[in-house]
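Good morning, and thank you for joining this session. I would like to walk through one structure with you, moving from single residues to the chain as a whole.

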Amino acid sequence: MRVFGRLLMMAACALAVAGFAAAQDMQPCTTVSHFNVALGQEERFMELVEELDAPLFDRLMKEGKVLAWGVSVPVMHEPGAPTHSVWWTTPSMAEMDTIIAELEAQEKKILEENPEFFASFVEMVDLSTHADRVFRDLVFGAGKPPAAGARPYVWIFTLKTLPGEDEEFVASWTELRKPILEKLAHAGLVHAYGLSIQEIRFTGDFSHYVWVSVPDFAS
């Protein structure tokens with residue numbers, strides 16, 4: 001998934017909209033794991049994702065524990081932003097412990113089979129800049145889902161509300177912006193959109209963000 005926007009960290013909320021179209025009263029949660037991959041190691045990093053992450057997350061999707069997952073990279077680069085973000089979306093926070101346990105078990109198995117794996121991974125990724133974030137959609141909508149194999153773009157912008165103004169802001173955004181995005185979704189120009197918050201807030205740089213998944217730059 002290719003991403004443009006002020007912060008790559010928001011890329012997670014592109015979401016695969018097929019699972020959401022019939023259940024828009026849900027408030028799914030998305031975990032984003034950020035990586036800065038060394039120059040020239042991008043292909044190897046993606047090979048590891050295909051080898052290790054893809055089978056695990058595809059199975060969890062079949063079990064209904066994961067709604068969508070993917071790897072995002074920035075189109076508009078920003079100093080200090082990660083080069084790659086691996087993300088997965090669950091129906092709620094309730095599934096999060098299960099996913100983390102699965103990932104930890106996978107990591108343990110890899111290190112048992114190949115004790116040198118971690119050392120090679122450190123050469124590929126700058127772990128000092130690694131970060132994880134968890135987001136929850138307060139409002140979201142979906143139109144026609146992307147075709148199989150499509151790589152949507154996601155436009156993201158962040159907002160910081162004043163103390164005590166969260167509820168009023170969400171109500172105002174829902175009244176003013178949601179109808180426009182619903183119209184665009186019905187017209188096929190938007191796959192999905194949402195207004196989200198940091199479920200687990202690591203920094204105070206923003207409180208809310210809006211994401212819009214579109215088929216291409218023309219949209």
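I begin with L48, a residue of helix 1. Please keep in mind throughout that this is a predicted model. Is L48 buried or exposed? Its relative accessible area is 8%, and the cut-off for a buried residue is under 20%, so L48 counts as buried.

Which residues does L48 touch, once its neighbours within four places in sequence are set aside? They are D53, F117, F121 and M124. As for F121, 73 residues separate it from L48 in sequence, while the C-alpha atoms of the two are 9.8 Å apart in space. F117 and F121 appear again in another setting: together with F35 and F45 they form one aromatic cluster.

Next along the sequence is V49, which also lies in helix 1, the element spanning residues 42-62. V49 has a relative accessible area of 3% and is therefore buried. Not counting residues up to four places away in sequence, V49 touches A54, W69 and V71. From V49 to G70 the C-alpha distance is 9.4 Å, with the two positions 21 residues apart in sequence.

That brings us to G70, in strand 3, residues 68-74. G70 is buried as well, at a relative accessible area of 11%. Beyond four places in sequence, its contacts are S85, V86 and W87. G70 and W88 are 6.6 Å apart, C-alpha to C-alpha, at a sequence separation of 18 residues.

I turn now to L195, in strand 7, which covers residues 192-200. How accessible is L195, and what is its relative accessible area? The value is 0%, so L195 is buried. Leaving out neighbours within four places, the contacts of L195 include R136, D137, L138 and V139. Also among them are F169, V170 and W173, together with H208, Y209, V210 and W211. V212 is 17 residues from L195 in sequence and 9.2 Å from it in space, again between C-alpha atoms.

W173, one of the contacts of L195, takes us to a pair of helices. Two packed helices are described by the angle between their axes and the distance between the axes. Helix 4, residues 166-176, packs against helix 5, residues 178-186, at an angle of about 40°, with the axes 4 Å apart. Helix 4 is therefore oblique to helix 5. Where do they meet? On the side of helix 4 the residues are W173, T174, E175 and L176, and on the side of helix 5 they are K178, P179, I180 and L181. Sorted by class, this contact comprises 5 nonpolar, 1 polar and 2 charged residues.

Let me move to the aromatic rings. How many aromatic pairs does a search of the whole structure find? The search gives 9. A pair of aromatic rings is described by the distance of the centres and the angle of the planes. For F135 and Y209 the ring centres are 5.1 Å apart and the planes stand at 80°, so this pair is edge-to-face. F135 belongs to strand 5, residues 131-142, and Y209 to strand 8, residues 208-214, so the pair ties together parts that are 74 residues apart in sequence. F135 and Y209 are both buried.

A second pair is Y153 with F217: the centres are 4.4 Å apart and the planes are at 40°, so the pair is tilted. Because Y153 lies in strand 6, residues 153-159, and F217 in the segment after strand 8, this pair ties together parts that are 64 residues apart in sequence. Y153 is buried, with 11% relative accessible area, whereas F217 counts as exposed at 51%.

Finally, the whole chain. It holds 5 helices and 8 strands, in the order β-β-α-β-β-α-α-β-β-α-α-β-β along the sequence. Of its 219 residues, 45% count as buried. Among contacts with a separation of 6 or more, 76% join residues 24 or more positions apart.

A word on confidence is in order. The average pLDDT of the chain is 83, and 86% of the residues score at least 70. Over residues 1-23, however, pLDDT stays under 50, although the model has 101 contacts beyond four places in sequence for them. Where pLDDT is low, the predicted coordinates should not be read in detail. Thank you for your attention.

Conventions: Residues numbered from 1 in each chain as written. Predicted model: local features only at pLDDT ≥ 70, side-chain atom pairs only at ≥ 80, totals over all residues. Heavy atoms only, no water. Axes fitted to C-alpha atoms, helices over the stretch in contact; angles between N-to-C directions. Helix = DSSP H or I, 4+ residues; strand = E, 2+ residues; numbered from the N terminus. Parallel < 35°, antiparallel > 145°, perpendicular 65-115°, else oblique. Contact = heavy atoms within 4.5 Å. Nonpolar A, V, L, I, M, F, W, Y, C, P; charged D, E, K, R; others polar. Phe/Tyr/Trp six-rings, centres within 6.5 Å; stacked < 30°, edge-to-face > 60°. Buried < 20%, exposed > 50% of the residue type's maximum accessible area, 1.4 Å probe, protein only. pLDDT = per-residue confidence, 0-100.
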